[in-house]
Amino acid sequence: MDRSIERVFRGSPEHWVGNGFRVSNYFPSATDFEKRMSPFFLLDYHAPREYTPTTTRRGVGTHPHRGFETVTIAYQGAVAHRDSTGAGGIIRPGEVQWMTAGGGILHNEYHEESFARAGGVMHMMQIWVNLPRRDKLTPPKYQPLTRTDIPEVGLPDDRGVVRVISGTYHDTEGAASTFTPANMLDLRLKAGAELRLPTPRDYNTALLVLSGQVTANGSSAVSDGQFILFKNDGDAVRVSAATDAIVLFLSGEPIEEPLVHYGPFIMNSVDEINQAVEDFNAGRFGYLDD
């Protein structure tokens, strides 16, 4: 049975994150909820934007996280990342950075130097994936997923590909390891493509159109920047592409636990938030210069 559509919407008005990323937030702020898309907590979308050449650093300086994971997906442009575990690298088009903050990490994100000097279009997304209570304080880790790391499943008649970032698509396992089931699929569709995306009924499920125009489960046509949230009343989403399109599909098993959010920390209680602040101020997240 196909899922019904709960709502179709656009993100909140764009705002700057640091001085390098102008994003629209789709949840929690644009929808006034924090758990409806659990285990996904936040989605900041940086629509295509032209940046002029510069030698000034653009981005977000060193800051902490605890209790969740950040997933950065690059479509255009390049971002350089460093963190307090010593990990880092450059995220280029078609690549994904999956960073587990776990018990505590410091990191920064800037436009990659050669990209900044040349200027160009930046098109990115960052998603926060919550961690269950048992894994909130897991050691930090870093998964750099290159284009060749991410498996692709071709659609019939050469109508596009499904890139499996995490979870599964039919029998193909995603590139990223996750702490709870979370399907994150990058759909690169050609006009006329049709596909069925199976998902358990209790998984919170949505899709975001990044370019082009599609319909899903009988919806009206949705296009660039529109987000479809599905009800938990079916086991599949059917997508049809009216034009060439790029679509992100999210579907995950909800984490049914208390949730307390404070800035860069997502925990289960106020006491745990207070402990996170104390640990950060005491330097227990490590050290990272800017």
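This passage describes strand pairing, salt bridges and two individual residues in a predicted model.

A good place to start is the open sheet, which contains seven strands in the order β1-β22-β19-β24-β17-β14-β13, paired in the antiparallel sense. The edge positions are taken by β1 and β13 (152-154); each has a single partner strand, so one side of each lacks a neighbour in the sheet. From one strand to the next, the twist averages 20 degrees. Within this sheet, eight bridges connect strand β17 (residues 182-189) with strand β24 (residues 245-252), and the two run antiparallel. Asp 186 has Leu 248 of β24 as its bridge partner.

Strand β9 (residues 96-100) offers a view of an enclosed element. Five of its five residues are buried, so the strand is largely enclosed by the rest of the structure. In a regular strand, side chains alternate between the two faces of the sheet. For β9, both faces are covered: Val 96, Trp 98 and Thr 100 are buried on one side, and Gln 97 and Met 99 are buried on the other. Strand β6 (residues 68-76) is joined to β9 by five bridges in an antiparallel arrangement, with Thr 72 opposite Gln 97. Strand β12 (residues 141-145) also runs antiparallel to β9 and is joined to it by five bridges; here Met 99 is partnered by Tyr 142 of β12.

Turning to charged side chains, the model contains 13 salt bridges. One of them joins Arg 36 and Glu 6, with an N to O distance of 2.7 Å. Because Arg 36 belongs to the loop between β3 (21-27) and β4 while Glu 6 belongs to strand β1, this pair ties together parts 30 residues apart in sequence. Arg 36 is buried, at 19% relative accessible area, whereas Glu 6 is partly exposed at 39%.

Another salt bridge is formed by Arg 163 and Glu 152, at 3.5 Å from N to O. Arg 163 lies in strand β14 (residues 160-166) and Glu 152 in strand β13, so the contact ties together parts 11 residues apart in sequence. The arginine of this pair, Arg 163, is buried with a relative accessible area of 3%, while Glu 152 is partly exposed at 45%. Both residues belong to a network of salt bridges that also links Asp 186 and Arg 188. A further pair, Asp 279 and Arg 284, meets at 2.5 Å, N to O. In that case Asp 279 is the buried member, at 9% relative accessible area, and Arg 284 is exposed at 53%.

Arg 58 provides an interesting contrast. Located in the loop between β4 (40-51) and β5 (59-65), Arg 58 is buried yet has no salt bridge, and the nearest side chain of opposite charge, that of Glu 50, is 8.9 Å away. The Arg 58 side chain instead reaches the backbone oxygen of Thr 52 at 2.9 Å. Beyond its neighbours within four places in sequence, Arg 58 has contacts that include Asn 19, Gly 20, Tyr 51, Glu 109, Tyr 110 and His 111.

Finally, Met 1 sits in the segment before β1 (5-9) and counts as exposed, with 58% relative accessibility. Although Met 1 and Gly 234 are 233 residues apart in sequence, their C-alpha atoms are 5.0 Å apart in space. Outside its neighbours within four places in sequence, Met 1 is in contact with Arg 201, Asp 233, Gly 234, Asp 235 and Ala 236.

Notes: Residues are numbered from 1 along each chain as its sequence is written. This is a predicted model: local features need pLDDT of at least 70, side-chain atom pairs count only at pLDDT 80 or more; totals for chains, interfaces and linings use all residues. Side-chain values use heavy atoms; hydrogens and water are left out. Helices (H or I, at least four residues) and strands (E, at least two) are DSSP runs, numbered from the N terminus. Buried means under 20% relative accessible area, exposed over 50%, partly exposed in between (1.4 Å probe, protein chains only). Lys and Arg count as positive and Asp and Glu as negative; His and the chain ends are not counted. A salt bridge is a side-chain nitrogen of Lys or Arg within 4 Å of a carboxyl oxygen of Asp or Glu. A polar contact is a pair of N or O atoms within 3.5 Å; within protein, one must be able to donate a hydrogen and the other to accept it, and residues adjacent in sequence count only if both atoms are side-chain atoms. Contact means heavy atoms within 4.5 Å. Two strands pair if DSSP finds at least two bridges between them. Axes are lines fitted to C-alpha atoms, for helices over the stretch in contact, and angles run from 0 to 180 degrees between N-to-C directions.
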